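Colleague: Could you take me through the empty spaces in this model and the reasoning behind each label? I'd like to see the thing first.

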Amino acid sequence: MSAGRKFRKVLKDNTPLIIPGAINAYSAILAEKSGHKAVYLSGGGVAAASYGIPDLGITSMEDVLIDVKRITSASSLPLLVDIDTGWGGAYNIAKTIKNMIDAGCAAVHMEDQISQKRCGHRPNKSLVSKNEMQDRIKAAVDGRHDEEFFIMARTDAIASEGIEGAIDRIGSYITEGADGIFLEAATTLDEYDAVKKAFNIPILANITEFGKTPLFTKDELHKVGVDMILFPLSAFRAMSKIAEKVYISIAKEGTQKDLLDIMQTREELYDRLNYHSFEQKLDELYKEE
């Protein structure tokens, strides 16, 4: 089963499908062992965690592909990937789709911001024209060599054009072959409801912390027809806060002994990585005859 087909299956079987962010391969392993059915790689997460830079369209396709390959090699879960604006014109977008499929990615979302994009929950976002975004989607659809690979169109139009403008754009994106819609920075449940009533297509709610969108619950979103709920950086924010606490404490106290209760143990790490099974294979390989 291709990664794209696997994503479509879990989307069909889980209403709604919860998709947590996995910032690296080990995070994806933890998500899988926790019972999740899909994982997500955030463009902003790649920028922050892998390169230490802000989410302003600075990273490239190759930067993201490195993390895609690491995650798909470590986890069997279908992976949804943020490809920003597609990294170029039609040929570049088609190449991006091909490379994502070849790297084991199951689905992508591509947005209608200009190339010099901003985080979706920041002010002063600028969008390309509806026609230009349609061209991006057409290039993506034409570029896939797995027909079940899932291509989602993200619109940031609510902030500047309101829900009516967003719905107008969404209709044109679906016409060009978008398989799903990512409605960014929605502020009310009614906005999701309006999109779902207008179009019979899977829609995604981005429930990111400290942004424009309230932290709607699974039940609330399900009632207005949301099909996918994204938690893009929840685990990463928690990891970062705890890591910072550890660094500060060690610098101040010169010991970590008071921090052990917030740490994963060695045995827990080994368990998540199946360490002992790898070790056993080495023992069998090199045992004395």
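Modeller: Sure. This is a predicted model, and the second largest pocket makes a good start: its lining splits into 9 nonpolar, 9 polar and 8 charged residues.

Colleague: What makes a residue of that lining count as charged?

Modeller: Asp, Glu, Lys and Arg are the charged class. Asp-55 and Arg-237 are among the residues nearest the centre of the second largest pocket, so by that rule both are charged. Cys-119, Thr-208 and Leu-233 also lie nearest the centre, out of 26 lining residues.

Colleague: How big is the second largest pocket, and which helix gives the most to its lining?

Modeller: The second largest pocket holds about 450 Å³. Helix α3 gives the most, with 3 residues. Both α3 (43–51) and α10 supply at least two.

Colleague: And what is the lining of the largest pocket made of?

Modeller: There you have 11 nonpolar residues, 4 polar and 1 charged. Of the 16 lining residues, the ones nearest the centre are Ile-242, Val-246, Ile-262, Met-263 and Gln-264. Ile, Val and Met count as nonpolar while Gln falls among the polar ones, so Gln-264 is the polar member of that central group. The volume is about 530 Å³.

Colleague: Which helices supply at least two residues each to the lining of the largest pocket?

Modeller: α2 (25–33), α10 and α11 (266–273). Helix α10 gives the most, with 5 residues.

Colleague: Why is one of the spaces called a cavity rather than a pocket?

Modeller: It comes down to whether the probe can leave: in a cavity a 1.4 Å probe fits but cannot get out, whereas a pocket is open. The structure holds 1 cavity of 30 Å³ or more, and about 50 Å³ of space lies in the largest cavity.

Colleague: What lines the largest cavity, by class and by name?

Modeller: By class, 9 nonpolar residues and 3 polar, with no charged ones. By name, the lining includes Ile-23, Tyr-40, Leu-41, Phe-236 and Met-239. Gly-21, Ser-27 and Ser-42 line the largest cavity too, and they count as polar because Gly and Ser are outside the nonpolar and charged lists.

Colleague: Which elements supply at least two residues each to that lining?

Modeller: Strand β2 (39–41) and helix α10 (234–253). Again α10 gives the most to the largest cavity, here 3 residues.

Colleague: Staying on α10, why is Ala-251 called exposed?

Modeller: Ala-251 sits in α10. The cut-off for exposed is over 50% relative accessible area; Ala-251 has 68%, so the label fits. From Ala-251 to Arg-136 is 115 residues in sequence and 49 Å in space, C-alpha to C-alpha.

Colleague: How do you know that the overall size agrees with a compact globule?

Modeller: For 289 residues the globule rule gives a radius of gyration near 19 Å, and the protein chain has 20 Å, so the two agree. The C-alpha atoms fill a box of roughly 65 × 50 × 35 Å along the principal axes.

Colleague: How much of the protein chain is buried, and how many helices and strands are there?

Modeller: Buried residues are 46% of the 289, where buried means under 20% relative accessible area. The protein chain has 12 helices and 8 strands. Among contacts with a separation of 6 or more, 68% join residues 24 or more positions apart. The accessible surface is about 14800 Å², with 52% of that belonging to carbon and sulfur atoms.

Methods. Residues are numbered from 1 along each chain as its sequence is written. This is a predicted model: local features need pLDDT of at least 70, side-chain atom pairs count only at pLDDT 80 or more; totals for chains, interfaces and linings use all residues. Side-chain values use heavy atoms; hydrogens and water are left out. On a 1 Å grid over the protein atoms alone, a cavity is a set of points where a 1.4 Å probe fits but cannot get out, and a pocket is an open set with protein on both sides within 12 Å along at least five of seven lines; lining residues have an atom within 4 Å of a point. Grid points are joined across faces, edges and corners, and a volume is the space filled by probe spheres set on the points. Helices (H or I, at least four residues) and strands (E, at least two) are DSSP runs, numbered from the N terminus. The radius of gyration is taken over C-alpha atoms; the globule rule is 2.2 Å times the number of residues to the power 0.38. Buried means under 20% relative accessible area, exposed over 50%, partly exposed in between (1.4 Å probe, protein chains only). Contact means heavy atoms within 4.5 Å. Accessible areas come from the Shrake-Rupley method with a 1.4 Å probe; for residues, only the protein chains shown count as cover.
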